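This report describes one helix and a set of paired strands. Please consult the sequence and structure shown below while reading.

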Amino acid sequence: MNKPVESPNRVIKSQHVKLGTKNKMDQTYTDINTMFYDAERTPSFMTGSEVIRQAIKVASVGTSVAYPITPQSEAAALIGELYSEGYLDEYFRGESEFAVMGQCAGAAFGGHRVFTTTAGPGTLRAMENFPMWAGSRLPIQVCVTMRGVNSPLSIQPDTLEASYLLETGMLMWHAETAQDLYDFILKGFIVAEQPDVHIPIATMCDGFFVTHTKDTVMLPPEDLCLTPYDPYKSPVPCMDMECPPIRMMRDPFIMKSNYISYSTHASWQQEVRAAVERSRKHTIPLLDGLIDVENIDREILLVSSGTAVSQGREAIRLLEEEGIKVGLVKIKTIRPFPHEEIREATKRAKHIFVPEFNMAGWLAREIKAVVPDNERVIAGPHVAGGMTMPSEVIVEEIKKYLGIKVASNR
Amino acid sequence: MSQYQVKAGPEAFLPPAAASMGVILPNPGECHIEGRIAPEEEGYEYAARKFLEAKVPTIFPGPLVLWNWNENATKKAKAIRALADALPARLIPMADYRPKYPKIDAEAEINPNHPNLTIWHNKIDVCIFVGVHCHQANLALKIIRGGTDCFTMAMCAQAGHEDACLSFRDATVEKIEKLMAAVNKLKKEGVKSQAVPFKQIKMTSSGRVA
C-alpha cells in the first residue's frame, strides 16, 4: 500500500540546543548523521550489555528507570554507573516492571528523553503501559532483551515476547548483532522523537546471544553526543493527568457512552498507527532501508530477523558448498513492517523459509500476510526455550522440503 | 495500485488515516494537495482560491497561537487575524482539547474530539487549522473528512498533516503572510470572496462575550 520513500537528506536537526556546543560532561552536541557517517569510528570488543551502556553514554538521556530481570539486568546496572558518573539526570530502581514503565511515562510527560530495559516476563508484566505510552505519544525507548516468557521458567533466549508487542502502537526494531543494537538505540531516539512520529520504540535483541556474547562494534568518539529531546516539538501538549488542556483522567472518552466518544477513540488509535507509518520516511535513510537483501534473485530465500539472520548466513554458506543457492532477506524493523519491501524482495522466490527463535512463528505469519502466493512461505525451522539454532538445522529444513536426502546421524 | 486521495468528505463511517493509505508528508519547501506533493508556492494559490470560493471560510486557531506563551505566538496570532480580515473568514478557536460533547457551543468553538459538530452547525465548507498540536489536528482533520463535506487545510509548524486536504509545513509568520498575499493577489485579479456575511463572535478564556 505504501509508496516507496525517497529521502535524499538523512535527517533532521534539533533546534533545541546549538550543535557544536558542549554538555556538562564536556561532550559535543552532534547531529546524528555526523556521528554515524562523518565521525571516525573505532573498533571495540564488548558484550551487548556493554554496548547498551556505550550507546546511552552518548544518547543525552534524561531519565532511566531500572528493575532487575535476566538478561537485561547487567545493562540496567551499567546505566546506573553512567548515572553515578553524571551522564544521566535521573536513575532509580522501580518497584516492578509495571511500575518502571509508569515511572518512565511520568518522566517522558515531563519532557525527558527516557530509556529503560526489560525482558521476557518483565515485558509481559509491564504490557498495559506500552499502548498507554503510544496513545499518549511518549517517545520512550525500551530495550527488550528477549527471553522465554512461559512456564516452566526459562531465562534463555526466545523471541515469543515480540509477538505480544506487535499491536501496542510502538515502533519495533530487531537487532541482529551488537553493532545493530548500538546503532538502533541511537537512531531509534531520533526517529521516535520526530514530531510526526513521536511514539515509543522497542529496540529488541535476542537475549544472551547478543547481550552476553562479545562482538566487535564500531563506535564513534565518546566526546560526541546526541542533541537532547526537544519537548516543544511534541505533537501533544505536555499532558497533565488532571489539568487542561489534556485532562486524561477526568475526561477520558470511556466516561462518555456515545458514538462521538467511540469515534474519537478509534481515530486516536488510527493516528498512532499512522505515526508508525510516518516513521518510514525517517527510518529508511538512517537504517539504509527497513530490510537488507543478498542474492534475492534466487529461488530459495531465507527471510528472518535478529540472530536467526546470522544463523541463516552460515546455513547459506553450507548450502552453497552443496551447490544449493539461497538468498537472504534481513528484516530490521518489525513495526513499521516492511511489507512493500518484502513483496518486492521475494517476488521471484519459489520457497521462502522463515527461521525463528519461538514456537509461534509470528514473523512467518506477518510475512504470509503480505506476500502473494503465500504457500511459498515455510514457517520454520523453529527453536525455543533457549535452544540454539545450528545452521545445519536450517540446511536440513531446506533440503527436506526440496526432497533432498538428509543424512540422519541424530 | 491506486493512489489514495485526500478529498473533502463525507468519506466513510470511519475513514482511514491517510498515512496508512500511503500518503507521505511533504519535505521542506513542499506542501501536499489532496495527497499529491506540490511546491509550496502552488499551495498558497490553491488555498487562497479555495478560501475565496467558500461560503463559510473559517480559521481554527489552536492553543499554540491563542495563548501568549512566547513572542512568536503573538506574531503568528496577529498574522492570522490579518488573514481573517483579508479574506474575510470566521475565527473559531480550538482553545483546548478536552471533550465537550454535548455541551459545546458549536457556533463559537471547535473541539478535536467532535469537530464535525462545529462544521455542521456553521455549514463550514473550507477551513484551515493553525496552531493546533499535531496529534489533535490529525484527529480533527480525519473526523471532519469522515463526516462532512468541508475542504480542510492545515498550516502546521512541524511536518504537516496528510489528513488535511491541503497542508503546509514549518509554518511561520512569513508563510501565513504569504497565504494572505496570495489572497490579495487573487482579489486584485478580480476574484471575489463568496463568503456569506457573518458576525465574528468574541470570546475570552471564560467563554463567549459577544
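## Terms and model

Two strands are said to pair if DSSP finds at least two bridges between them. Helices (H or I, at least four residues) and strands (E, at least two) are DSSP runs, numbered from the N terminus.

This is a predicted model, in which local features need pLDDT of at least 70, side-chain atom pairs count only at pLDDT 80 or more, and totals for chains, interfaces and linings use all residues. Residues are numbered from 1 along each chain as its sequence is written, while chains are lettered from A and ligands numbered from 1 in the order in which they are written.

## Strand pairing in chain B

Strands S1 (residues 30-33) and S2 (residues 36-39) of chain B pair in the antiparallel sense over four bridges, with B:Ile33 opposite B:Arg36 in S2(B). The two strands form a hairpin with two residues between them, and B:Glu34 in the turn has a positive phi of about 55 degrees.

S1(B) also pairs with S7(B), in the antiparallel sense over two bridges; here B:His32 stands opposite B:Ser167.

## Helix H6 of chain B

Among the buried residues (20 or more other C-beta atoms within 10 Å of their own, C-beta atoms being placed from the backbone; exposed means 12 or fewer) of H6(B) are B:Ile176, B:Leu179 and B:Val183. The buried residues fall within an arc of 150 degrees seen down the helix axis (directions from the axis to the C-beta atoms), so they line one face of H6(B). The face turned away from the buried side carries the exposed residues B:Glu174 and B:Lys188.

Just after H6(B), B:Gly190 takes a positive phi of about 105 degrees.
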